[in-house]
Amino acid sequence: DPRQIPPSPDTAMQTRIDTIGQALVPAYQRALSNSDPSKIPFRFQLVEQKYAANRIDRPNGTILVPRDVVARLQNDDQIAAYLADGVAAILEKQQLRDAVEKRLLTAGEIGGIGWIAPSFWAADKKEDLERTEKAQRIRVSFALLHDAGYNLAEAPKGWRLWTAKKPKAHDEEMSDEAIYAYVFFGSTWRNTSRQ
C-alpha cells in the first residue's frame, strides 16, 4: 500500500538502485522468457520509511528499499550487498518454505510424546531452518555480487551498517548476519576480492 510505505521522490537514487539491482539478477533469470512461470520480474523500489534494516522482499520480485538504509551505506558495493541479500531471499524463498512445512509436518506426526513436545520441537526446528536460510541467503548474495563484479570486501561492512540498531554506533555488537558475512567472506572469498 503506497500510503503506508510511499515511494521516494528521489529519482536519482531510484535510478541508482535500479541499475545496481538489475546487475545482480542472475543471468539464468534474465534469459528466461517473460511467459516462463519460473521467471521472477525483479523490481527495486526506493521507499520513504523510517529506518528498518529489513527490506520488504515480495515473492513477485519486488524489493522495497528504505531510503534511510541506503543513506547509511557508504558506496555502491555496499548497496549492492544489501540488494543482493534481497534478490537471494526471493530466489531461496520457495525452496525453504517447502522445507519448513515438511519439517513441521514431521514434528506433528510424532506420537506418544504428548501434544506439547511436538510443538516445542517444531519451534526449535523452525528456528534452525531460519538460521540455515539466513546463512544460505548470505552465501547466494556473495555469489551474485561476484558475478556482477562488485567488491566482495565491502559486503560484510555493508551488513554491519544496515543491521546496526544505531547508525553511528561504532562500538555496537554486530548482528549474527554481519558476523556470518565476515566469516564467510574471510573463509571463502577473501582471495578473490578486488583490492
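Here are some notes on the predicted model above, going from the sheet to the helices around it.

1. Ground rules. The model is predicted, so local features need pLDDT of at least 70 and side-chain atom pairs count only at pLDDT 80 or more, while totals for chains, interfaces and linings use all residues. Residues are numbered from 1 along each chain as its sequence is written, and side-chain values use heavy atoms, with hydrogens and water left out. Helices (H or I, at least four residues) and strands (E, at least two) are DSSP runs numbered from the N terminus.

2. The sheet. Three strands make an open, mixed sheet in the order S1-S3-S2. Its edge strands are S1 (43-47) and S2, each of which pairs on one side only. Pairing here takes at least two bridges found by DSSP between two strands. As a reminder, strands of a sheet pair through backbone hydrogen bonds, either parallel or antiparallel.

3. S1 with S3. Strand S3 (residues 62-66) runs parallel to S1, and five bridges link the two. If you want to check the register, Gln-45 is bridged to Leu-64 in S3, and Leu-46 to Val-65 in S3.

4. S2 with S3. On this side the strands are antiparallel, with two bridges. S2 and S3 form a hairpin that leaves four residues between them, and Gly-61 in the turn has a positive phi of about 100°. Leu-64 turns up again here, as the S3 bridge partner of Ile-56.

5. How covered is the sheet? Buried means under 20% relative accessible area, exposed over 50%, and partly exposed in between (1.4 Å probe, protein chains only). By that yardstick, four of the five residues of S1 are buried, and for S3 the count is five of five. S3 is covered on both faces: Thr-62, Leu-64 and Pro-66 are buried on one side, Ile-63 and Val-65 on the other.

6. Ile-56, in S2. This residue sits in strand S2 (residues 56-57) and counts as partly exposed because its relative accessibility is 27%. Contact means heavy atoms within 4.5 Å. Setting aside residues up to four places away in sequence, Ile-56 touches Ile-5, Thr-62, Ile-63 and Leu-64. Its C-alpha is also 8.1 Å from that of Gly-86, 30 residues away along the chain.

7. H1, the geometry. Does the length of helix H1 (residues 11-24) agree or disagree with expectation? The expected span is 1.5 Å times one less than the number of residues; for the 14 residues of H1 that should give 20 Å, and the end C-alpha atoms are 20 Å apart, so the two agree. At the N-terminal end, Asp-10 acts as the cap, with a side-chain oxygen 3.4 Å from the backbone nitrogen of Ala-12.

8. H1, the two sides. Met-13, Gln-14, Ile-17, Ile-20, Gly-21 and Leu-24 are buried. They cover an arc of only 135° around the axis, so they lie on the same side of H1; the arc is taken from the directions from the helix axis to the C-beta atoms. The face turned away from that buried side carries exposed Thr-11, Ala-12 and Thr-19.

9. Val-87, in H4. Val-87 belongs to helix H4 (residues 76-109) and is buried, with a relative accessible area of 0%. Beyond its neighbours within four places in sequence, Val-87 is in contact with Leu-24, Pro-26, Phe-42, Phe-44, Ile-63 and Leu-144. The C-alpha atoms of Val-87 and Ile-63 are 7.9 Å apart, with their positions 24 residues apart along the chain.

10. H6. Helix H6 (residues 154-163) is largely enclosed by the rest of the structure, because seven of its ten residues are buried. Those are Glu-154, Ala-155, Pro-156, Gly-158, Trp-159, Trp-162 and Thr-163. Thr-163 counts as buried at 18% relative accessibility. Its side chain makes a polar contact with the side chain of Ser-175 at 3.0 Å. A polar contact is a pair of N or O atoms within 3.5 Å; within protein, one must be able to donate a hydrogen and the other to accept it, and residues adjacent in sequence count only if both atoms are side-chain atoms.
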